[in-house]
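Biologist: Before we discuss this protein, I should like each label to be justified by its criterion. Please show the model first.

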Amino acid sequence: MSLQLQAISPALGAIVSGVDLSAPLSGAERDAIEAALLRHQVLFFENQPLTPRQQRDFAARFGDLHLHPVYPTVAEQPEIIVLDTHVDNLPDNDNWHTDVTFIATPPLGAVLSARQLPDVGGDTLWSSNSAAYEALSPALRALLDGLSAEHSFIHSFPESRFKDTPQYARWQQASRDHPPVVHPVVRTHPVTGRKGLFVNEGFTTRILELAPRESDALLALLFAHAARPEFTVRWRWKENDLAFWDNRVTQHYAVADYLPQRRVMHRATILGDRPR
């Protein structure tokens, strides 16, 4: 096995080379990639032109795959979400978010493939929730450790976005199927034991134990804190690049600076466990 890692930020991020993801992974390759993911939190694989089935098969080596309730998918491969953004389908992921925290068992991770890119722009940033948590004062960490927060599907997928579209009936069903859920504000990683923030601008609406104004102020502080540059890495996509991130301990932000050009990405999402 010739897997090689090149770290690109102290907080998180590494480029992985020496593996062909279009071929079935050996057990040793799979375990080495998982170990790298636990260490670096987001991995980047360059020049990996995968078919949707190959992308699905790679992601499925790390767990069962999630079927998103509203995003469109590849017709023959429903586990692969199509994120196709352009002037007639404006981006909705240009904020800091952790994927699918509106379910009881949010994803372990996700695998994102660059299919069509603008001439310039369309980068994605990731932030380490563990690095952000560890940089807080001991007193604030002690407060956060005892708190819980609500995560809402409709906070990130509001009715107004779908009301007059062919997807409205699907959105109505998804909103019924996904009432708000509660997760701890600080999550302990189930493998590494490392603590990290588990609130995000995309889905977190309130901290249950606090008054509304206190909750709003504390969430605003945590959202801004997690986005500090020293906790982040920025990836400039090239066609057929692939990113694999640990969704339990990261947030990400897709920069929407390329319109009116088009950006198409394919994502496979790996189910996780209940945050604790």
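The exchange below sets computed values against definitions.

Modeller: This is a predicted model, in which local features need pLDDT of at least 70 and side-chain atom pairs count only at pLDDT 80 or more, while totals for chains, interfaces and linings use all residues. Residues are numbered from 1 along each chain as its sequence is written, and side-chain values use heavy atoms, with hydrogens and water left out.

Biologist: Why is R267 called buried?

Modeller: Buried means under 20% relative accessible area, exposed means over 50%, and partly exposed lies in between, with a 1.4 Å probe and protein chains only. R267 has 5% relative accessibility, so R267 counts as buried.

Biologist: What makes the pairing of R267 and D99 a salt bridge?

Modeller: A salt bridge is a side-chain nitrogen of Lys or Arg within 4 Å of a carboxyl oxygen of Asp or Glu. For R267 and D99 the N to O distance is 3.4 Å, and the pair therefore satisfies the criterion. R267 is in strand β16 (residues 263-270) and D99 in the loop between β5 and β6, 168 residues apart. Strands are DSSP runs of E with at least two residues, helices are runs of H or I with at least four, and both are numbered from the N terminus. D99 is likewise buried, because its relative accessibility is 3%.

Biologist: How do you know that E134 and R194 form a salt bridge, and are these residues buried or partly exposed?

Modeller: Their side chains meet at 2.7 Å, N to O. E134 stands at 40% relative accessibility and is therefore partly exposed; R194, at 32%, is also partly exposed. E134 belongs to helix α3 (residues 129-134) and R194 to the loop between β10 (186-188) and β11 (195-197), so the pair ties together parts 60 residues apart in sequence. Salt bridges with shared partners also join R30, D31 and E34 into one network. By this rule there are 15 salt bridges.

Biologist: Which residues of helix α7 are buried, and why are they said to line one face?

Modeller: In α7 (residues 168-177), the buried residues are Y168, W171 and A174. Viewed down the helix axis they fall within an arc of 120 degrees, so they line one face; the arc is that of the directions from the helix axis to the C-beta atoms. On the other side of α7, A169 and R176 are exposed. The buried residues pack against α5 (153-156) and α6 (159-162), where contact means heavy atoms within 4.5 Å.

Biologist: What makes a set of residues a nonpolar core, and how many residues has the largest one?

Modeller: A nonpolar core is a set of buried Ala, Val, Leu, Ile, Met, Phe, Trp, Tyr and Cys residues joined through side-chain atoms within 4.5 Å. The largest has 48 residues, and those with the most contacts inside it include F44, W126, F157 and W237. Helix α8 (residues 212-226) supplies the largest share of this core, five residues. A second, separate core of 25 residues includes V74, I80, L242 and A268.

Biologist: Why can L90 belong to a nonpolar surface patch?

Modeller: Patches are made of residues with over 30% relative accessible area and no salt bridge, like charges being joined within 9 Å and nonpolar side chains (Val, Leu, Ile, Met, Phe, Trp, Tyr) within 5 Å. L90 has a relative accessible area of 47% and is therefore partly exposed. With V87 and L259, L90 makes a patch of about 240 Å². L90 lies in the loop between β5 (77-85) and β6 (109-116).

Technical notes: Accessible areas come from the Shrake-Rupley method with a 1.4 Å probe; for residues, only the protein chains shown count as cover.
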